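Please open the model in your viewer and keep the sequence beside it, so that each selection can be followed in both. The tour moves from one selection to the next and says what is found at each stop.

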Amino acid sequence: MFDFHLHTTKSDGVLSFEEMLDTLHLYSIQPFSITDHNHALAYECFDYKQYPCIPGFELATSYQGEIIEVLGYGIQPEVVNAWYRDFYSDANLQRIEETLLSRIQSCATHENLIFDQKITLSTIQKGIAKKTMYQQLSSNNPKFLQQFPTYKTFFRQGLSNPASPFFIDEGSTYLSFDEAIQLIHQAGGKAFLAHIFEYDAFRKNHCIEEVRERLDGMECFHPSIPMKESVKLFQYCEKNHLYSSGGSDFHKYERHIPFGVHLDRRLLDSSNFDWVDDSLRNLM
């Protein structure tokens, strides 16, 4: 089995990189890629060249107002981390989070929702404004909680949905889609569109046709994608000369999603996986 989509405590996962390495060894998962959000800081903590590992990260961007994510594989971690430390400097991150807090509060006020008007951010970290307001709105507004039972539904169906009254257009706080692809390529990597089934508007509006030529590949195998659709995506990639990837997108055990992706050898031997070095491909 392989797993090219994993998150550690360096972003929003529950396992440290040491625990992640131990777990992957326990389950005989190789090769693998740690793909923390917006940076590759985990790769500063261990000699990844001594492992069956493809260095990677998951980069948030926007397309036509919808927040989507692109996986970068085979990147030089030092290039990605230099960009991250500049783009998400303390001053810039504080400006971004305060801007988003204000935008969400404006949406909530327009919808006549109850929340603490004096609330401030307890700390400054990526995503804290959205999570703070979700806690406020879900705790004080039962109908809101029925509409958005989890933070993820609020993020995808509300904040990132141009048709929703909670849409906050985060595009100005991220790299553009083309800039995200450019960063991955500058870092020596290949750009894969992550979990397309989580992007409702993007998928239903057939945006993949618009961006296809800018991508190197797609994440065809992901827990959010039914296997029948995964096979269709794999065939789409084969037809359009795109590479394929897959992973568990592990964050925490509570999601009850197992590590690893197991595929028929015929799929692994196809040209869709030519991006994986032969020494690692033989382990899959």
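Begin by selecting serine 62 together with serine 176, its bridge partner in strand E5, and keep in mind that the model you are looking at is predicted. Extend the selection to the strands around this pair: E5 covers residues 175–176 and runs parallel to E3, to which 2 bridges join it.

Now select E3 as a whole, residues 56–63, where 8 of 8 residues are buried. Gly56, Glu58, Ala60 and Ser62 lie on one side of the strand and Phe57, Leu59, Thr61 and Tyr63 on the other, and both of these faces are covered.

Add strand E4, residues 66–73, which pairs with E3 in the antiparallel sense over 8 bridges; here serine 62 stands opposite isoleucine 67. The two strands form a hairpin with 2 residues between them, and in this turn glutamine 64 has a positive phi of about 50 degrees.

Next, go to serine 16, in the loop between strand E1 (3–6) and helix H1 (17–26). Serine 16 has a relative accessible area of 17%, and is therefore buried; leaving aside residues up to four places away in sequence, it touches Thr8 and Thr9.

Continue into H1 and select its buried residues, Phe17, Met20, Leu21, Thr23 and Leu24. Viewed down the helix axis, they fall within an arc of 165 degrees, so they line one face of H1, and they pack against E1 and strand E2 (32–34). Turn the helix to its other face, away from the buried side, to find the exposed residues Asp22, His25 and Leu26. Finish just after H1 at serine 28, which takes a positive phi of about 55 degrees.

How values were computed:
Residues numbered from 1 in each chain as written. Predicted model: local features only at pLDDT ≥ 70, side-chain atom pairs only at ≥ 80, totals over all residues. Heavy atoms only, no water. Helix = DSSP H or I, 4+ residues; strand = E, 2+ residues; numbered from the N terminus. Buried < 20%, exposed > 50% of the residue type's maximum accessible area, 1.4 Å probe, protein only. Contact = heavy atoms within 4.5 Å. Arc of directions from axis to C-beta. Pairing = 2+ DSSP bridges.
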